[in-house]
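Let's take a walk through this model, from a single loop residue out to the packing of the whole chain. Keep the viewer open as you read.

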Amino acid sequence: MENRKKKIIGPNNPTKSVSEPEPEHEPNADIWSFITRRSTKSWFLCISLFAVLIRLAVSLHPYSGAQTPPKFGDYEAQRHWMEITVNLPVKEWYRNSSSNDLGYWGLDYPPLTGYQSYFHGTLLKFFDPASVALFTSRGYESYLGKLLMRWTVLMSDLMIFFPAVLYFVTVYYSGKPTGDRSSMAWHTIMILLNPCLILIDHGHFQYNCISLGLTVAAVAAILSDRDLVGSILFCLALNHKQMSAYYAPAFFAYLFGKCLRRQNPILEVSKLGLVVLGTFALVWWPYLHSVDGVLEVLSRLAPFERGIYEDYVANFWCTTSIAVKWKRLFTMQSMKLLSLTATVSTFLPSTIQLIWSPTRRGFLLGLINCSLSFYLFSFQVHEKSILLPLLPASLLAFEEPFVFQWLIYYGLLSMFPLLRRDDLVLPYTALYALFVLLYYVPRGRKDDAKETVSFFSIVQLVAFACSLFLHIIYLNITPPDKYPFLFEAVIMIFCFSQFVLISIYLNTRQWALTKNSVQPDTKRKRL
């Protein structure tokens, strides 16, 4: 880290301390030093501008379902939700009717997504009314319409995700020496330039930056002992995308563990419960007029009729379906029970550790472990859901760079078939290379050589070589007619094996905290 004395090696001066005057022509480190020696606001602005440029470059490429009627893709789904929300009363957004055919991209996210769609739809209606006209705008793909849609994603990033990241790194590095500024900047780059998130939101087209940004802000608030604020922010994330529930066990266990160590645990738990109920009541208020209104929304949030999985996702059910035909052998009800049991069983050890010893580092590890459990074993998982484990992994990138890099590589590979269908191979390759380049920025990341088990290092090296080989095969070789999805299946199995290894490794790391911790976080400020 930067608080250690660095040495400058030269032909006539083998070990010169950095505290001595530096030569004016120091090579290679000028740009990085120029950025990191400025104030936090200055270097964050520089990194943010670069991150915006990368997002704009990716948005110039195709999106999901471009010019592919009749249902197009995720781009059309987001646009259609704007169409519905700006033209129909709020109580009819989740109700099947002649004006709102739920069979055509019906709204299937919580109410906060509906409000976001209404806000963005209002902007589109002002500048390009035809893009959200009821009925006639289906499949609308004008240049202005596409430009406005892309700008709504970028605006969401700038309004929610970017400030949340600044909040997090400020909290995470508070109290540390100013010499950590270089590490702080590198950490910010890893979060803001996460290639998976950029490709899905600004390439494929979604608004994950909103729910993930709210989650980052919630984590930062909790790490700074503002538990009530953090609870509100996480409830908002849950009410934007229900997949944020991947983090719920970790949030609950950590906050509950903290409450148990306070003078009046019942009062502390009650305060958190009231805040959660109040936030949900506020967001759901238009639908609380009747039981039917609530059930209409809930029925859209749990699409069990779609089956245990879709496409080729690198989780347990899809991977093992090659040998075990789950959909044929078990009823829908049985699969729900199996999925629930497997998910709870795998995240339970992590939550027990958090309640037993609630530490900041344990909380971040618990977020990864719980979200990985949901990704690997829960019902109806998509390829894009790997973004959820990737987020807390990026928050821990400085302390666990090995794991973050590992998860990024196979998160990208697991989404590669999806992004190939969207014709996003060029930005995929460019962002992959950019990530590798930025990951190895001099003096940025923590030296993890002592922290990484040699076995996992060897496994990662071999797996990375296999990953590159799979990319080449998938792009250049046509599978046999009898097995048209052979390569997708191989990629799925390979990525699943890596995610399982990462899960085992991180659970081991989290439980090691219990043995090493002398005293849990018992003294906490109150809101």
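Start at Arg138, which sits in the loop between α4 (111-127) and α5; helices (H or I, at least four residues) and strands (E, at least two) are DSSP runs, numbered from the N terminus. This is a predicted model, so local features need pLDDT of at least 70 and side-chain atom pairs count only at pLDDT 80 or more, while totals for chains, interfaces and linings use all residues. Residues are numbered from 1 along each chain as its sequence is written, and side-chain values use heavy atoms, with hydrogens and water left out.

Arg138 counts as partly exposed because its relative accessibility is 37%; buried means under 20% relative accessible area, exposed over 50%, and partly exposed in between (1.4 Å probe, protein chains only). Setting aside neighbours within four places in sequence, Arg138 is in contact (heavy atoms within 4.5 Å) with Glu76, Arg79, His80, Asp101 and Tyr104. Its C-alpha atom is also 9.4 Å from that of Phe72, with the two positions 66 residues apart along the chain.

Now hop over to helix α2 (residues 40-59). Its 20 residues should span 28 Å at 1.5 Å a residue, and the end C-alpha atoms are indeed 28 Å apart; the expected span is 1.5 Å times one less than the number of residues. Buried or exposed: which is Lys41? Lys41, a residue of α2, is exposed, because its relative accessible area is 71%. Across space, the C-alpha atoms of Lys41 and Leu166 are 8.9 Å apart, though 125 residues separate them in sequence. Other parts of α2 are buried, among them Trp43, Phe44, Ile47 and Ala51.

Helix α2 also takes part in a pocket. The second largest pocket has a volume of about 370 Å³, and the elements giving two or more residues to its lining are α2 and α5 (143-172). The largest share, six residues, comes from α5. Of the 17 lining residues, Ser59, Leu60, Lys146, Leu147 and Arg150 are the closest to the centre. By class, the lining has nine nonpolar, four polar and four charged residues. For the record, Ala, Val, Leu, Ile, Met, Phe, Trp, Tyr, Cys and Pro count as nonpolar, Asp, Glu, Lys and Arg as charged, and the others, Gly among them, as polar. On a 1 Å grid over the protein atoms alone, a pocket is an open set of points with protein on both sides within 12 Å along at least five of seven lines, a cavity is a set where a 1.4 Å probe fits but cannot get out, and lining residues have an atom within 4 Å of a point. Grid points are joined across faces, edges and corners, and a volume is the space filled by probe spheres set on the points.

What about the interior? The largest nonpolar core (buried Ala, Val, Leu, Ile, Met, Phe, Trp, Tyr and Cys residues joined through side-chain atoms within 4.5 Å) has 144 residues, of which Phe161, Phe168 and Phe499 touch the most other members. Helix α18 (residues 401-421) gives the most to this core, with 14 residues. Phe161 also helps line the second largest cavity, along with residues including Ile191, Asn194 and Leu212. That cavity holds about 50 Å³ of space.

Finally, zoom out: the protein chain has 21 helices and two strands, and buried residues make up 54% of its 527 residues.
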